[in-house]
Amino acid sequence: MLDQHRETFIQEANDLLRELEESLLDLEEKSTDQELIGSIFRALHTIKGSGSMFGYDKLATFTHEIETAYDLVRSGGLSVTRILVDSTLSACDEIRGMLTDDEDRSGALSDAQTAIVEGFRNLLKNTHSDKPSAPTPDAVVVDAEVNSDELQHECTYRVRLTPSPDLFSNGTNLLPLFEEMQGLGTCRITAQVENIPRLQELDPEACYTFWDIAINTDRGQNAIRDVFIFVEDRCRLEISVIDSMEREADGKGYLKLGEILVQRGDLSKDNMQDILSQQHRFGELATEAGIIDHGKIESALQEQQLVREARDKRATVEQASTIRVPAERLDSLINMVGELVTVQSRLTQVANSSHSQAILQVAEDVERLTAELRDNTMSIRMVPIGSAFSRLRRLVRDLSQELGKEIDLLTEGAETELDKTVIERLNDPLVHLIRNSVDHGIQNPQVRTAAGKPSRGTIRLSACHSGASVQVTVSDDGQGLDLETIRLKAIEKGLIAPDALLSEREVFALVLLPGFSTAQKVTNVSGRGVGMDVVKKNIDSLQGTIEISSKQNIGTTITLKLPLTLAIIDGLLVRVANEFFVVPLTSIEECVELKLSDVKRASGQHITVIRGELVPYVRLRELFGIDEALQAAEQIVITRVEGNRVGIMVDEVVGQHQTVIKPLGRYYKHINEVTGCSILGDGTIALILDLAKVVKSAARAEAANYENVQAGSV
Amino acid sequence: MQSVENGLKQNSRLALAGELTISRASELAASIGQWLAEQETVAVLDLAAVTAADVSFLQILCAAHRSSLREGKSLSVVSPSRELLRAMKTAGFERRQPCTQCTGDTCLWQVKEGL
Amino acid sequence: METTNTNETVQYLTFSLDEEVFAIDVAKVREILDYTSAMRVPGAPDFMRGIVNVRGNVIPVVDMRLKFGMSKTERTVNTCIVVMEVDVESETTVLGALVDSVQEVFELEHGHVEPPPKMGTRWRTQFIKGIGKRNDQLIIILDIDMVFSLNELTQLERSRLASKATASEEAPATT
């Protein structure tokens, strides 16, 4: 039980760390942004708080030191510097390390950690000497919250407005001011009328009333002050923070009625004790005893209620925004929806043959609901790609610093959503591509300036939806790829013949071949040996494609095209004899019918002419050894595989088919040509083809065949 | 001053109208005080035609009510206009419990459940 | 692992392949299905007959006769698929075994199971947990976790696709 909670804590802490890093990097650019500082403080505070709750004492102690610094930053006592950001980033790394080290949760800090803590203490020491007087600890908190201009998060304030009697003499009307207060947030105003005399003694033009206001706002104390700015010299205005997220997080319950009154000075402590000693409702007793005016209790009650409401609201907002669910539970939900889709299409089939209007109607309704259910279920797995982007910012920052380069990372479309699994598996390739751009793409500032470019390089990382897939591009304004260098290297490595004529696109594609690396020197950034072929392998396994384009001295753009999800596929259902296959729709260009006579003319050369263009094709029947009599006519699905047009010959194109992908399981892990399967409406299984692999093994089979024929003819 | 004239005719019932703000505070306090003094037991303020009110008027009402209590009279407000109710609400005069000075059920500012 | 008391009884399900009778621990058996044709997965070894759809779940089917070096299972009225849970690399995987017929469930005391003979059987000893006796008939008790270990099932004699290349040279002659 505890372990499960601890796991959740670790997950959440890692999420927070990621946000924290994000904010820190932003802070470097906007060092006075109170909102950022606030969110950093809150993240640290939460990590510390929940850390100690789950027994990560070391982590809590460590985080506390950093939090202290940001508390000071927040109150303006410490300014944001490069050193501060750097140290905090390293602190994040340490915290992350402490999270994974489950064994040693409460031991002593390591040397590195102690050094960081010392660093922070030094930063603090320098500022404390600047301060005229050290305020009491409790006052620091209040000051911090009260002094900042723009309070970035919601707080509940207690305001007492005591006008001087002559307030009205210049025609002041308080009502518009109260209305303005209502505009700042949720607000409870209580007029205290105890000083109003009888009519005979009343000076009609004097103000006898004072006000207690409880307000819950994210606008900060100064905003409240501003409301009363014109009456300031004729009023006494007392403002204090009575509740905030931090206070709630500290586990402080809100004050009891009596405590509020004592805090306000409306009731003495002794009186409160007296009243409390009697076991009755406090409010009734206090007034009965005549020691306090009803109005004071009224406003204290209002205050209590406001705080309670604000807390409830925060709680519901927190609850409503996210729910953590284990991924397996989602997977099983998706499986069930997949089954439902299958059952539903069977129902539709049955309904169609039943000729019963009533059943047809029901089947239609079920179909519509199932489609909605499927789409909704799929969308649960969708997460914004921004989570993958954020760690790359840190990478670019650290790497460019290490290499003495100046690089900005611009991201676009961070909100683009795609399947969680796709994002997870996209991480490594993206890191690799970014590393490449930093290391090989973008030159040193001097080189760039000499080439007439701005000394700061830019890497642009963007994501957008395009149809049923997501396009992710990584482009830099670096030196670009040199066609000739690549060609020579490929010849040297024996990847192409010296006289091979290749298009620009084909040359760039060489970079993706195993063992190809164009880096002039090996650096510890991009490493040795593993190159773009690993990226390609990763992207392939995601059913994605990769394309490179580059202009020398202008830059390189790498475009990844990925499916939205690995759980569902849009495909074309084809039949060979009585076996069914699904060809991914993304790679399909057109379908052409091929007559038996055309096949004969081509006499097993596996090449056909489609509108004047020679197109090689693969006969699935032959490749998969499905031995049955030839059909009078077969159909060719023209696809584009790795830039080339390839036909896939089948008996029949059944139609478009959107389906839940089911894995074949571990026993078929080594089968390359098939990525999974899908269950058709009648329960039949259709295999989902990996076209690139199908074409590759067809080429292999053909080559072997050719050799055999050669051998046989000798 | 038509309102006060009107009130004099019926005497126990006084209707006030128009903008009851600080500029009329002294005059209003005087008229109400005088009218209230003339009433024996029951006094009714008809505030249906009030088009605006500010804190000064709310104070006058409160003071008048306190006087009436002291003198053993019953002062009540009938059909307050929307503008008056809004002023009461905005200025925080509304409350769930009666003021300390008010006995029983008579507090002008008490919001009854279901109102 | 096998620290069971000698008096403890285990229930076994028996099935036949050709004339031989094999037994497996009933605890491993999930259900028994009538024969349905499996969707062949190209490139897989022949004894991997393909995949079948069991109420929306896709499970692989192994031809036990081919796996044990006999001829391919031909469909008869008795042919069926024994669906079982196998522990592979400390994970449970569901898999179907195509057998000639399923016979019975019986109990056997642990003491009545003899260790596998070192030699003299047609079967590889690492597949055999022990030999039991039932009505004077010898029953081979299989260690199905071993039979269906990943190494056993993914080990390719030769890729079908590669063998297809050699086969296709004969094709023109027949057509």
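Here are some exercises with worked solutions on a predicted model.

**Exercise 1. Work out where A:Arg575 sits and what its side chain touches.**

Step 1: place the residue. A:Arg575 belongs to strand β12 of chain A, residues 568-576.

Step 2: follow the side chain. One polar partner is the side chain of A:Glu652, at 2.8 Å. The side chain of A:Arg575 also gets to the backbone oxygen of A:Ala577, at 2.6 Å.

Step 3: look at that second partner. A:Ala577 is in the hairpin of β12(A) and β13(A), which has 2 residues between the strands, and A:Ala577 takes a positive phi near 50° there.

**Exercise 2. Find the strands that pair with β12(A), and say how covered β12(A) is.**

Step 1: take β19(A), residues 652-660. β12(A) pairs with it in the antiparallel sense, over 8 bridges. To get the register, note that A:Ile569 stands opposite A:Thr659.

Step 2: take β13(A), residues 579-584. This strand also runs antiparallel to β12(A), and 6 bridges join the two. Here A:Leu573 faces A:Val582 as its opposite number.

Step 3: check the burial. Of the 9 residues in β12(A), 8 are buried, so the strand is mostly covered, given that buried means under 20% relative accessible area.

**Exercise 3. Take the salt bridges A:Glu21 to A:Arg96, A:Asp398 to A:Arg394 and C:Asp87 to C:Lys28, and describe each for distance, sequence separation and burial.**

Step 1: recall the principle. Side chains of opposite charge can pair when their charged atoms come close. Over all chains, the structure holds 50 salt bridges.

Step 2: start with A:Glu21 and A:Arg96. Their closest N and O atoms are 3.1 Å apart. A:Glu21 is in helix α1 (residues 2-29) of chain A and A:Arg96 in helix α4 (residues 82-100) of chain A, so this pair links distant parts of the chain, 75 residues apart. With 5% relative accessibility, A:Glu21 counts as buried, while A:Arg96 counts as partly exposed at 28%.

Step 3: move to A:Asp398 and A:Arg394. The N to O distance of this salt bridge is 3.2 Å. Both residues are in helix α16 (residues 386-403) of chain A, and because they are 4 residues apart, about one helical turn separates them. A:Asp398 is partly exposed, at 29% relative accessibility, and A:Arg394 is buried, at 10%.

Step 4: go over to chain C. C:Asp87 and C:Lys28 meet in a salt bridge at 3.2 Å, N to O. C:Asp87 lies in strand β6 (residues 80-88) of chain C, whereas C:Lys28 is in the loop between β2 (20-25) and β3 (29-34) of chain C, so the pair ties together parts that are 59 residues apart in sequence. C:Asp87 is partly exposed, with 36% relative accessibility; C:Lys28 is buried, with 18%.

Step 5: put the chain A pairs in context. A network of salt bridges links A:Glu21, A:Glu28, A:Arg82, A:Asp86, A:Asp93, A:Arg96, A:Arg394, A:Arg397 and A:Asp398.

**Exercise 4. Characterise the interface of chain B and chain A.**

Step 1: count residues and area. Chain B brings 33 residues to the contact and chain A brings 35. About 2800 Å² is buried between them, and carbon and sulfur atoms give 54% of that.

Step 2: list the polar pairings. There is 1 salt bridge between chain B and chain A: B:Arg86 with A:Glu179, the closest N and O atoms being 2.8 Å apart. Polar contacts join 13 residue pairs across this interface (both at pLDDT 80 or more).

Step 3: see which elements of chain B take part. α2 (25-38), α3 (55-70) and α4 (82-90) of chain B each supply at least two residues. α3(B) gives the most, with 10 residues.

Step 4: sort by class. The side of chain B that touches chain A has 15 nonpolar, 10 polar and 8 charged residues.

**Exercise 5. Repeat the job for chain A and chain C.**

Step 1: count again. The contact takes 29 residues from chain A and 34 from chain C. The two chains bury about 2700 Å² between them, 64% of it on carbon and sulfur atoms.

Step 2: find the big contributors. A:Arg666, A:Tyr667 and A:Tyr668 supply 32% of the area that chain A buries against chain C, more than any other three residues.

Step 3: tally the polar side. Between chain A and chain C there are 0 salt bridges and 3 residue pairs in polar contact (both at pLDDT 80 or more).

Conventions:
Residues numbered from 1 in each chain as written. Chains lettered and ligands numbered in written order. Predicted model: local features only at pLDDT ≥ 70, side-chain atom pairs only at ≥ 80, totals over all residues. Heavy atoms only, no water. Polar contact = N/O pair within 3.5 Å; in protein donor to acceptor, adjacent residues only side chain to side chain. Buried < 20%, exposed > 50% of the residue type's maximum accessible area, 1.4 Å probe, protein only. Pairing = 2+ DSSP bridges. Salt bridge = Lys/Arg side-chain N within 4 Å of Asp/Glu carboxyl O. Contact = heavy atoms within 4.5 Å. Buried area = accessible area lost by both parts, 1.4 Å probe. Nonpolar A, V, L, I, M, F, W, Y, C, P; charged D, E, K, R; others polar.
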